[in-house]
Amino acid sequence: MNCTPLQNGGSDKSLTNNQLEELLDQILIIEDIYYKLRRRGISLTELLKVRQESERTLPLYKIISDAGVEYAFTEKRIHKNRRRFPCGE
């Protein structure tokens, strides 16, 4: 692979070939996650927003009910409310 160092947003910092290759690998991983979430009807932007607002890790479940959308961050939360959230069964 032959990569030319790129300018970083107009600054004088250049990316080495290895850094560029690592960046592209990470972009491909994020793209894969994006498409997997999209197939499940979940927006990556929405998921990251929920994580930021909750100051926790990423939620395990997206729960859609008549009351609206909720997120569960633990299996315990799903099992505790099994009647409300049948997806945990």
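## Surface and burial

About 7500 Å² of the protein is exposed, with carbon and sulfur atoms supplying 51% of that area (Shrake-Rupley method, 1.4 Å probe). This is a predicted model, in which local features need pLDDT of at least 70 and side-chain atom pairs count only at pLDDT 80 or more, while totals for chains, interfaces and linings use all residues. Residues are numbered from 1 along each chain as its sequence is written, and side-chain values use heavy atoms, leaving out hydrogens and water.

Of the 89 residues, 18% are buried (under 20% relative accessible area; exposed is over 50%, partly exposed in between, with a 1.4 Å probe and protein chains only).

## Layout

Let's walk along the chain: the protein has 3 helices and 2 strands, in the order α-α-β-β-α from the N terminus (DSSP runs, H or I of at least four residues for helices, E of at least two for strands).

Helix α1 covers residues 17-39 and spans 33 Å from first to last C-alpha, close to the 33 Å expected (1.5 Å times one less than its number of residues). After α1 comes Gly 41, with a positive phi near 80 degrees.

## Salt bridges

There are 2 salt bridges here (a side-chain nitrogen of Lys or Arg within 4 Å of a carboxyl oxygen of Asp or Glu). One joins Lys 36 to Asp 32, at 3.1 Å between the closest N and O atoms; both sit in helix α1, 4 residues apart, about one turn. Lys 36 is partly exposed at 36%, as is Asp 32 at 39%.

Glu 46 and Lys 62 also pair, at 3.6 Å from N to O. Glu 46 belongs to helix α2 (residues 44-54) and Lys 62 to strand β1 (residues 61-65), so this bridge ties together parts 16 residues apart in sequence.
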